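Here is a short set of questions for a first look. Keep the structure in view while you read.

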Amino acid sequence: MKYKQIICLVMLSILLVSCIPTRDIEKLGVINTGGVDKLDNDLIEVTSEIFHFASQSNDLTRIVSGKGKTIKDSVENASSKSNFTLTAEKIQLEIYGKETAKKGILRYIDTLDRDASLPDSMYLAISDTSAKELLSTDSEDISLDIGQFLHGLIEENSTDHLFPRINFQDFQSSFYDIGKDPYLPLFEIEDGIPILAAIAIMQDDRYVGRIPIKDKLYFNLMKENIKDMTMELGLPTKPFEKYIEKEENISKREETLHTSYNILKGSSKTKLIDQENLVFETDIKLRLNLIEMTEEVLIKNEAVIKLLEKEVNKAVKTHYEELLAQLQEWNADAFEYGSVYRSHKDKGHQLTRNEWREMFPEITVNFNVDAKVVSHGAAD
Amino acid sequence: MRKNRRSNKKTDNIFPINIDELEARLQKEFKNSPDLSFSKYEHHGKKIAVFSIPYLVEASMIEENLLKPLLNKDIPWTTQTILDEIPLNDSETITSFQEILQKLIIGTAFVYVEQAEEVVAYLLLNKEKRSLDKAETESLVLGPKIAFTESLITNLNIVRWRIRSTDLVMEELKVGNSLPREIRIVYMKSIANEADINTMRQRIQDLDVDEIEDSAVLQQYIEDDSLSIFPQFDSTELPDRFTYAVSQGKVGVLVENSPTGFIGPSSLFSFLESTEDLYMRWGAGSFLRFIRFIAMFFSIIITPAYVAAVTYQFGIIPTQLLISIGQSRAAVPFSPIFEALLLEFLIELLREAGARLPTKVGQTMGIVGGIVIGQAAVDAGLTSNILIIFVAMSALASFTSPSYLLGTTIRVVRFPLIILAGTLGLIGIVFGLSLLIIHLIRLTSLGRPYLTPLYPFQWRDMDKVFFRLPINITNKRAKSYQPKKLIRFSGKEASKKRDIDE
Amino acid sequence: MNINVTINKSLKIPAFYLFFIIHGIQTGVGIMGVPRYIFSKAHQDSWISILLALIFMIIVAYIMLLILKQYENADIFNIQVDIFGSWIGKLFGTVYILFFAATLISVILTYIQVIQIFLYPTIPSFVVTGLLIFLVIYIVSGGIKTLVGVTFIFVILSQWILILAYDPISRMDWAHFLPMFQASIPDLLQGVKATTYSVTGFEILFVIYPFISNKEKAKLPVILGLCYTTFLILSTTAISIGYFSARDLGDIEWSTITLFKNVSYTFVERLDYLLIAEWMMIIIPNIAIYMWAITIGMKRLYKIPQRITLYTTSFIVLIVATVIKSDIYINKLTDTLSSVGFWLIFIYPFVLLPLVILKKKWRKRKGSV
């Protein structure tokens, strides 16, 4: 009995040896970063940065590009130009050129979903220039290869799962969910070095506009609870006049008082108040730690703190209103009000994409900001 | 199978006989070997022969206690007066010639009065043995360092001194048709499970073999599944490990001329236990045990995982690591599976060479192997340096096993797993591991499941194998082995709490 | 034919292991794809469907135990022969065996499909089948003790997957569950039915019951096993609903595995690969129990030695699994099985129970007269 089993096992293993094609890493070109640009006449160009492991060469990475009708076709095309089999199993970042993104990126997303060998953890981003141009940046100042550098830019500028870490799964979720529009990080080349420049606002899968990167805080706050983040606010100097230290303050005062805070805890909550007139209410709660001020405001008593909090509330509220107005102009619901609306929808009717598209520019939102300055550092 | 007890006394009873004739007969048996000393004396007109093999008996004893009274006392010697007057115990009378021959070679001196009906035999065994030594193969940091020796008498002495109780039974059995050897089954009669004792005794008694070379061989003869690569008895050269197991209700076996005893029934986990866990405080003991479990798993899995990842599923390697693995792999002309097998083979060579060579050379061996060959192999582009680290780690991990037998098994298991990983990737590894686990579930030791107390699940025994608890809580013996007495001491008494300031 | 079977005392298992047997046989390939099916029926209220399914399952299990309790020590094959007579009883018994065999094949085929999609697109089916069947033969030839041990240990060994679920949970969007209570009653019931494919298997109770040593304690482990399976299905479904958007979840074939495509740690990435390989350990007890049930069934009905059934069935499975290749056939097989399974497992006991009780009463009256 036992012998039979052993013989069986041996036969099995002999059988197995030749049945699966091996994929030794030294024979592969492992795509790390991909860039997609749409060309004229229905062709797309895929530029990828690959790792290749060869004993003779010292260069670890290489940029290859290929043209084709589909992404896979283009990669195949690029593959035929290099002596490696290209595989995207370890792709970390996929970049779309701005011009390409304006026409919609959905058609390039399908393969990411369909091909099970691709990871869901890859980040998506938009390039202000064409993706090829971005990936071909060759600067002495970047010690890493460009793909790792861009990936690092995204990783280091965010915590947890917050923007700008928008991976494929996040994008897909925002895209497919009704009452939500995705937004992606946008890269720019400044002085020959790529920088994370802006938030690219998308309407469905189309790029519609950009918002400066420093506002990422406001977007993250709408999405999730945040903590340990720095926020800069410009407040009018006037209300603080009487608390500013008089004697030493000889130089002329600036119009705005610039302040920086560390957000200890920030959260937001949105409610639908009036379904008929599309009135929403968003409560924003901030617990702040004052870490910098451009004027010597003496925080001697509670009244100063109260005043400071009042001004912060006002400033944050105004900024949110501006952002919302901008989004409504583009008709891109990055703040996900549609999602709240959908959750309160009456039974039996499903909100459709187009309905919300028509409604979104009409909504009004009351922002209630509740900021508390919990501490003001080691100085008064 | 049952051993034939030979009762051929009738056939070869040659007595009474002439002394010269007896000498001739004996010399004929010991042809070509000048070992037999046959001295004849004349006393009160009677011829008396004293014969033995000189180096097997204690010469001084013969001189002082046998020859002196024999020649000096002024009485006529008969078999009966010899038995009465000679100041030696351990005497018996023998009539069978075959038996004389057998006794002769285990160190018996004989006295024969001419024309007597039987010969008087004195067991004056002079057995050369080494003195007690520190344990070599199983070394401990804490606890007794003494090890068993080749002398059964000494071993029994040690065991008896460690368990000073009339409860301790040391049953004697003889195995081997042509070259019989003494075997002792050691157990506590009020604790050990009767079924276990019977199984052990039965299996040893039923053996029908010509000879038992060593306790390790006996072990293999009486194992439940001799095709398995897993050891099914826990063998040890440490008396403290042996006696601890015996006192917990297991059955121990000691074999003459073997410095290792073995214990059954054992489970897979008992091979990973060291008595040192007991001597440590419970926290450290649990930690070390845990480390050993991890090490075994690690040792089995790491090289196959490397092979599977590099050959098929490189997706599981994080990008940074992929770059360094890729770069070191790039120079290697072989496929990963061949590379891994080559390196594992090299490590095994080093280990084997180290074990065979004298200690001093062995150390040099390690340096040559570890540094020179390892470095050179990478430089020559034969292996990647990452794999060297993995292989070295897994070899190291396999040496943490307190049982040398299990450590060897673990290293052997690795090779088929590497091949499976190289042909099927991750699926192959899981297949191999599953096969291994199923095999372990099917395996038994003395008829008891090998994976106990994991399966059959025995919650109360978890602290015996996987971790240790403070000593006052562990007041019970392992329930899985169904000892006659489960309780070691009253738990109530041990954990009684006094009030503050009482 | 004697209705009650006598089981050697050394082969009996404590009722405690029923938890693992029930859970082990219920959790197989079904859970890899079930969120999608439940969601397509009951949408964000799927969790209600699953809870309803649990209640339903517990009732069915209770009825099964009630049927079994009417006899001293009998399994379904003998009970059916007792109730319907030799011919029809054997026919029904054969239906059970065929159902077990078909489920076994469908489990293997589905697993092959997953391997081919995620790991090796070109791996021939007979290789995977061969590996699985080899292990199954090794287990089943070790007898029920080995079978139970494998189920027990493999179930425990695969629980680490739950820890990985931390990552998808942290990415969930709770708004996906809103608005609640939207699904109509028929929708919910549809959802209950969709749940059933992944929870078939606890009919094994009918077969394994005579092997239980302490039968009076059987109820609790069975119910806990059902609850634990339901808990897993509930959590994977809930995580899937929160993690994927509605439209997306409808598209994804193996949502439970896709959940883990995003998980990465500093020392290992692409946990979905590990997961699929590890899933083999989840499949093995599953198919081993089915195989064992087939061999026992054939022995009870036709007195064929278990070993012979084992080898023949293995061979047949190997051939069938190699021949069936197309997705469409596999899906058809699973669909048919889930509808047959629904009637066989969830409805049939309700029919059987009154018959068994009537027969018992009739027999008693006959005995007293």
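The questions below cover a chain contact and a sheet in this predicted model.

Q: How many residues does chain C bring to the contact with chain A?
A: The contact has two sides. Chain A gives 23 residues. From chain C come 25 residues.

Q: Which helix of chain C gives the most to the side that touches chain A?
A: Three helices of chain C each supply at least two residues there: α4 (76–118), α5 (125–140) and α12 (246–251). One of them gives the most, with four residues. That helix is α5(C).

Q: How many residues on the side of chain C that touches chain A are nonpolar, polar and charged?
A: That side is a mix of the three classes. The residues divide into six charged, seven polar and, as nonpolar, twelve.

Q: Which strands are the edges of the open sheet in chain A?
A: Four strands form this sheet, in the order β10-β11-β12-β13, with mixed pairing. An edge strand pairs on one side only. The edges are β10 (229–236) and β13 (364–375) of chain A.

Q: Which residue in β13(A) is the bridge partner of D283(A)?
A: Strand β12 (residues 279–293) of chain A pairs with β13(A) in the parallel sense, over eleven bridges. In β13(A), the partner of D283(A) is N368(A).

Q: What angle does the direction of helix α9 of chain A make with that of β13(A)?
A: Helix α9 (residues 302–330) of chain A packs on the sheet. This helix touches β10, β12 and β13 of chain A. Its direction and that of β13(A) make an angle of about 145°.

Conventions. Residues numbered from 1 in each chain as written. Chains lettered and ligands numbered in written order. Predicted model: local features only at pLDDT ≥ 70, side-chain atom pairs only at ≥ 80, totals over all residues. Contact = placed C-beta atoms within 7 Å. Nonpolar A, V, L, I, M, F, W, Y, C, P; charged D, E, K, R; others polar. Pairing = 2+ DSSP bridges. Axes fitted to C-alpha atoms, helices over the stretch in contact; angles between N-to-C directions.
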